[in-house]
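I opened the notebook to keep track of a few look-ups. The entries are short and follow the order in which I made them.

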Amino acid sequence: MRILSGIQPSGALHIGNYFGMMKPAIELQTKGECYYFIADYHSMTSLTDAAERRRHTRENALDFLACGLDPKKSVFFRQSDLPEVTELTWIIGALTPVGLLERAHGYKDKLAKGGAPNFGLFAYPVLMAADILLYDSNLVPVGRDQKQHVEITRDIAIKFNQTYGETFVVPEPDIREEVATVPGTDGQKMSKSYGNTIEIFGDEKAMRKRIMSIVMDSRTPQEPKPDADKNIVIQLLKLVAPNDVAADFANRLRAGGLGYGDLKKAFFEHYWNYFAAARARRAELLANRDYVEQVLRDGAGRARAVAAKVLARARKVSGLGS
Ligand code: ADP
Ligand code: TRP
């Protein structure tokens, strides 16, 4: 089984990325042949600072490695090291109905907010489909916000296969329901673009401050809170604390007597400890300055072996080249 996923280098990785995509992706390393990449072409639709893109690419890759992505088990690469994917974007884009892309959430949200979307944002799902199809991927571990993109990929693959004959594997999304959408500090989906994140490797003081300033309601500590399970901090605590600990805090909130400040402090401690080993590993990896670059370069070579074959297949069936 071929497993593939990517992450955009548009900011510091957060615990929504971790629980929604990185952790499942890391666990899948023993279940199949994994291809993971930093989607720097995709980041061009939202970020226009070249130095920032390079920095986030390097740091996101380092973070992923520190969290347990093992380059001996997985092929880990930078999307733009394989420009083949942009050719496949054109090949499949020529069959992609405009209506399908007009229904894509990313594009629709931009329009709804009164923004002027560019061609890259409109074509974003086609590039993502090319990522997935280029590696004959069967399974795509992602958070719920990416489900529609995998469905668009399936539609494109099916249409291409009907038009030119069996060429592409039709992939399935792998979405963990319990962590499908991790809430941010403001209760919306945690996202790099909303400024509501808890970073995996954030600065201790800054993260403590961010967590302690999560806005709660004005009920007194003594008041029973029957809606404890809807509390953002309880939801976040469930991710980083053992089940019985999180359940105990929820019970105390429900019964009354637990203040929000104490709950937030407990969450901070569990969050900080949860990533302690990864933090130490990150510091170790950082000591070898070239390590990340070597891993990505090696990954690109291994990725190319597959990409070249699939691209040649797509070119052949569609009558391109000699
Ligand atoms: P962001 O929204 O922060 O820019 P990305 O779009 O780069 O994050 O997402 C990378 C991966 O992390 C995707 O698989 C996405 O579904 C997942 N992900 C992002 N935010 C969350 C979240 N709040 N909860 C669960 N998964 C998430
Ligand atoms: N669009 C994805 C995101 O924002 C990142 C991504 C790009 C991706 N190409 C992919 C994810 C292919 C899975 C498969 O999270």
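The entries below cover a ligand site, the cysteines and one arginine.

**Entry 1: the model**

I noted at the start that this is a predicted model.

**Entry 2: ligand 2**

I asked first which residues come nearest to ligand 2. There are 14 residues around the ligand, and Gln 8, Tyr 124, Met 128, Asp 131 and Gln 146 come nearest.

I then looked at polar side-chain atoms at this site. For Gln 8, I found a polar side-chain atom 3.2 Å from an oxygen atom of ligand 2. For Tyr 124, an N or O atom in the side chain is 2.7 Å from a nitrogen atom of the ligand. For Asp 131, I also read 2.7 Å, again between a side-chain N or O atom and a nitrogen atom of ligand 2. On its own, ligand 2 has 370 Å² of accessible area, and the protein covers 91% of that.

Next I wanted to know which elements supply the shell around ligand 2. Strand 1 (2–7) and helix 7 (119–133) each supply at least two residues. Helix 7 gives the largest share, four residues. By residue type, I sorted the shell into eight nonpolar, five polar and one charged.

**Entry 3: cysteines**

How many disulfides does the structure hold? I found zero. As a reminder to myself, a disulfide is a covalent bond between the sulfur atoms of two cysteines.

I checked why Cys 34 has no such bond. Its closest cysteine sulfur is in Cys 67, and the two sulfurs are 16 Å apart, so they are too far for a bond. The cut-off for a disulfide is 2.5 Å between the sulfur atoms. Starting from Cys 67, I came back to Cys 34 as the closest, again at 16 Å and too far for a bond.

Is each of these two cysteines buried or exposed? Cys 34 is buried, with a relative accessible area of 2%. Cys 67 is buried as well, at 14%.

**Entry 4: Arg 302**

I placed Arg 302 in helix 14, which runs over residues 291–317. The relative accessible area of Arg 302 is 31%, so I wrote it down as partly exposed.

What does Arg 302 touch, leaving aside its neighbours within four places in sequence? I listed contacts with Tyr 35, Pro 71, Lys 72, Ser 74 and Val 75. For one of these, Tyr 35, I also looked up the C-alpha separation from Arg 302: 9.6 Å, with the two residues 267 apart along the chain.

Conventions: Residues numbered from 1 in each chain as written. Chains lettered and ligands numbered in written order. Predicted model: local features only at pLDDT ≥ 70, side-chain atom pairs only at ≥ 80, totals over all residues. Heavy atoms only, no water. Buried < 20%, exposed > 50% of the residue type's maximum accessible area, 1.4 Å probe, protein only. Contact = heavy atoms within 4.5 Å. Near = heavy atom within 4 Å. Polar contact = N/O pair within 3.5 Å; in protein donor to acceptor, adjacent residues only side chain to side chain. Areas by Shrake-Rupley, 256 points an atom, 1.4 Å probe, with all protein chains shown as cover. Nonpolar A, V, L, I, M, F, W, Y, C, P; charged D, E, K, R; others polar.
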